[in-house]
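The following note sets out points for a colleague who has the coordinates to hand. It is arranged by topic, and each point may be checked against the display.

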Amino acid sequence: EPKRSLEQNSAQWPILQAFSDQLEWPVNGVFCKLTPEEWKDLLTAAFKKSTVRVAQGLDGGMVLLGFRTSKFGKREFSDWLEFLHATAADRGVVVYKEIAA
């Protein structure tokens, strides 16, 4: 199957930015804003319904070993975008600007 298109890739960022702008999430026990990239990591793990592997960091701490949307085919990426929209709606996140997929 062909990999995701550039249009599909572009379509995820306004949604992830909306999560970043509108929600806080607990990190190390404290609610804080996450970057769009951090939301992508969190939401990708939820989308894959998988337990993310956790590795010890080189200098301590923990590193999540997650999935990469760049490996998604067009069909799976389409499902990913639907998942993002549904999760945004469930959490009350409003996406203001979207790029057609």
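1. On helix angles, a definition is required at the outset: angles of 65 to 115 degrees count as roughly perpendicular. In this predicted model, the axes of helix α1 (residues 6-22) and helix α2 cross at roughly 100° and come within 8 Å. Helices α1 and α2 are therefore roughly perpendicular to each other. On the α1 side, the contact is made by Gln 12, Trp 13, Leu 16, Gln 17, Phe 19 and Ser 20. On the α2 side, Pro 36, Glu 37, Trp 39, Lys 40 and Leu 43 take part. By class, this contact of α1 with α2 has 6 nonpolar, 3 polar and 2 charged residues.

2. As to the overall architecture, the protein chain has 3 helices and 4 strands. Read from the N terminus, the order of its elements is α-β-β-α-β-β-α. For 101 residues, a compact globule would have a radius of gyration near 13 Å, and the 14 Å of the protein chain agrees with this. Along the principal axes, the C-alpha atoms fill a box of roughly 40 × 30 × 20 Å. Of the 101 residues, 32% count as buried. Taking contacts between residues at least 6 apart in sequence, 61% join residues at least 24 apart.

3. The second helix pair is α2 with α3. Their axes cross at roughly 110° and come within 11 Å. Helices α2 and α3 are therefore also described as roughly perpendicular to each other. From α2, the residues Lys 40, Leu 43, Thr 44, Ala 46 and Phe 47 meet Glu 76, Asp 79, Trp 80, Phe 83, Leu 84 and Thr 87 of α3. This contact of α2 with α3 divides into 6 nonpolar, 2 polar and 3 charged residues.

4. Trp 39 deserves separate mention. This residue is found in helix α2 and is buried, with a relative accessible area of 1%. Leaving aside residues up to four places away in sequence, Trp 39 touches Leu 16, Phe 19, Ser 20, Leu 23, Trp 25 and Leu 34. One of these partners, Leu 16, is 23 residues from Trp 39 in sequence, while the two C-alpha atoms are 6.3 Å apart in space.

5. Is Lys 40 buried or exposed? The cut-off for buried is under 20% relative accessible area, and Lys 40, at 17% relative accessibility, therefore counts as buried. Lys 40 is found in helix α2. The residues it touches, not counting those up to four places away in sequence, are Gln 12, Trp 13, Leu 16, Thr 69 and Trp 80. The C-alpha atoms of Lys 40 and Leu 16 are separated by 6.6 Å, with their positions 24 residues apart along the chain. Lys 40 is listed in the contact of α1 with α2 and also in that of α2 with α3.

6. Concerning the aromatic residues, the structure holds 8 aromatic pairs. In one of them, Phe 47 and Trp 80 are edge-to-face, at 5.4 Å centre to centre and with 65° between the planes. Phe 47 lies in helix α2 (residues 36-47) and Trp 80 in helix α3 (residues 74-91), so this pair ties together parts that are 33 residues apart in sequence. Phe 47 counts as buried at 16% relative accessibility, and Trp 80 is buried with a relative accessible area of 0%. Trp 80 also forms an edge-to-face pair with Phe 72, at 6.4 Å centre to centre and with 75° between the planes. Both Phe 72 and Trp 80 are buried.

7. The pairs described in the preceding point belong to a wider group. One aromatic cluster is formed by Phe 47, Phe 72, Phe 77, Trp 80 and Phe 83. Of these residues, Phe 47, Trp 80 and Phe 83 are also listed where α2 meets α3.

8. Which residues does Thr 87 touch, not counting those up to four places away in sequence? The residues are Phe 19 and Leu 43. Thr 87 lies in helix α3 and is buried, with a relative accessible area of 15%. Phe 19 and Leu 43 are themselves listed in the contact of α1 with α2, Phe 19 on the α1 side and Leu 43 on the α2 side.

Note on methods. Residues are numbered from 1 along each chain as its sequence is written. This is a predicted model: local features need pLDDT of at least 70, side-chain atom pairs count only at pLDDT 80 or more; totals for chains, interfaces and linings use all residues. Side-chain values use heavy atoms; hydrogens and water are left out. Rings of Phe, Tyr and Trp (its six-membered ring) pair if their centres lie within 6.5 Å; planes under 30 degrees apart count as stacked, over 60 as edge-to-face and the rest as tilted. Helices (H or I, at least four residues) and strands (E, at least two) are DSSP runs, numbered from the N terminus. Buried means under 20% relative accessible area, exposed over 50%, partly exposed in between (1.4 Å probe, protein chains only). Axes are lines fitted to C-alpha atoms, for helices over the stretch in contact, and angles run from 0 to 180 degrees between N-to-C directions. Angles under 35 degrees count as roughly parallel, over 145 as roughly antiparallel, 65 to 115 as roughly perpendicular and the rest as oblique. Contact means heavy atoms within 4.5 Å. Ala, Val, Leu, Ile, Met, Phe, Trp, Tyr, Cys and Pro count as nonpolar, Asp, Glu, Lys and Arg as charged, and the others, Gly among them, as polar. The radius of gyration is taken over C-alpha atoms; the globule rule is 2.2 Å times the number of residues to the power 0.38.
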